[in-house]
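Subject: Structure handover

Hello,

Please find the structure below, with notes on its cores and pockets after it.

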Amino acid sequence: MKLELLLPFQLKQAIEQNKPLLIAFGNIEYHASHLAIGCDGIVAQYPLEQLEKEYPDKVILAPPFYYGTSSFAVAGNEKGSISIDSQTVCKFAEDLFMNLLRMGFRNIHAFVAHQTENFEQGMPLDLALKFAGRRAIFEYLEKEKGQGWWGNKEMANYYDTKENIFDAIQVHGEPQPILDEFSGDHAGKLETSAMMYINPDAVRMDLHDCSSDWFSEDAVQASKEYGQKYMQAKIDYFAKMLKLK
């Protein structure tokens, strides 16, 4: 089900049933001369759309956010890159997460498909989201339970409970098993293949020029079939992770 289409009674049911709420965070960034600049957001959103179609009664799909922190490592504004300061993204995400917590959601999942090759240590976009999630949870707890909530004697059994409020907001990059099977890149074989499968109109291989975009050299090896295999692997992994099947 899509968040923006929920009726109040459906929203109430989704919260009571603790359905996972999925949000894709992408960015607008130059992806060589042959790919659309919204590649990362599209690649992040597509698996979530498929999960919502396959399990419409088990997940809530929120509208995506495409204006993340891309950095200007690849190219500047003149080539189409938009990079919103990570502190601004963090503030937006914190407000969003806080609203969702106050609505009653406790199973919130943010998905990123940008600079996730160093996800454990973090990159600007995913770090902003992770920090926002933690800030939102701590702020929510202090507002709901007051300062000193953890030190209160009523929380003596805190570690014995199965539910952990700090699991309410989770940020996901490219899963390690997917990275192990499909080598990540920027506008290379993998991303080009993904876009060939998801939206062929967003790929123009006749415009490919690796002489200036060295990082896209192996894009010539891309195929729709490889993109489909990659996307299906992500869909299957996320379905298992979210316990949808």
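The notes start with the source, then turn to the cores and the pockets.

This is a predicted model, in which local features need pLDDT of at least 70, side-chain atom pairs count only at pLDDT 80 or more, and totals for chains, interfaces and linings use all residues. Residues are numbered from 1 along each chain as its sequence is written, and side-chain values use heavy atoms, with hydrogens and water left out.

The largest nonpolar core (buried Ala, Val, Leu, Ile, Met, Phe, Trp, Tyr and Cys residues joined through side-chain atoms within 4.5 Å; buried is under 20% relative accessible area, 1.4 Å probe, protein chains only) has 38 residues. Leu22, Val43, Leu51 and Tyr230 touch the most other members. Two or more residues come from each of strand S1 (21-25) and helices H2 (39-54), H6 (189-198) and H7 (224-241), with H7 giving the most, seven. Helices are DSSP runs of H or I, at least four residues, and strands are runs of E, at least two. Apart from this core lies another, of 36 residues, including Ile23 and Val112.

The largest pocket is lined by 26 residues, with Arg106, Glu163, Asn164, Ile165 and Asp167 nearest its centre. A pocket here is an open set of points on a 1 Å grid over the protein atoms alone, where a 1.4 Å probe fits, with protein on both sides within 12 Å along at least five of seven lines; lining residues have an atom within 4 Å of a point. Helix H4 (residues 124-145) gives the most to this lining, four residues.

The second largest pocket has 20 lining residues, among them Gln115 and His186. H2 and H6 each supply at least two residues of that lining.

Regards

Note on methods:
Buried < 20%, exposed > 50% of the residue type's maximum accessible area, 1.4 Å probe, protein only.
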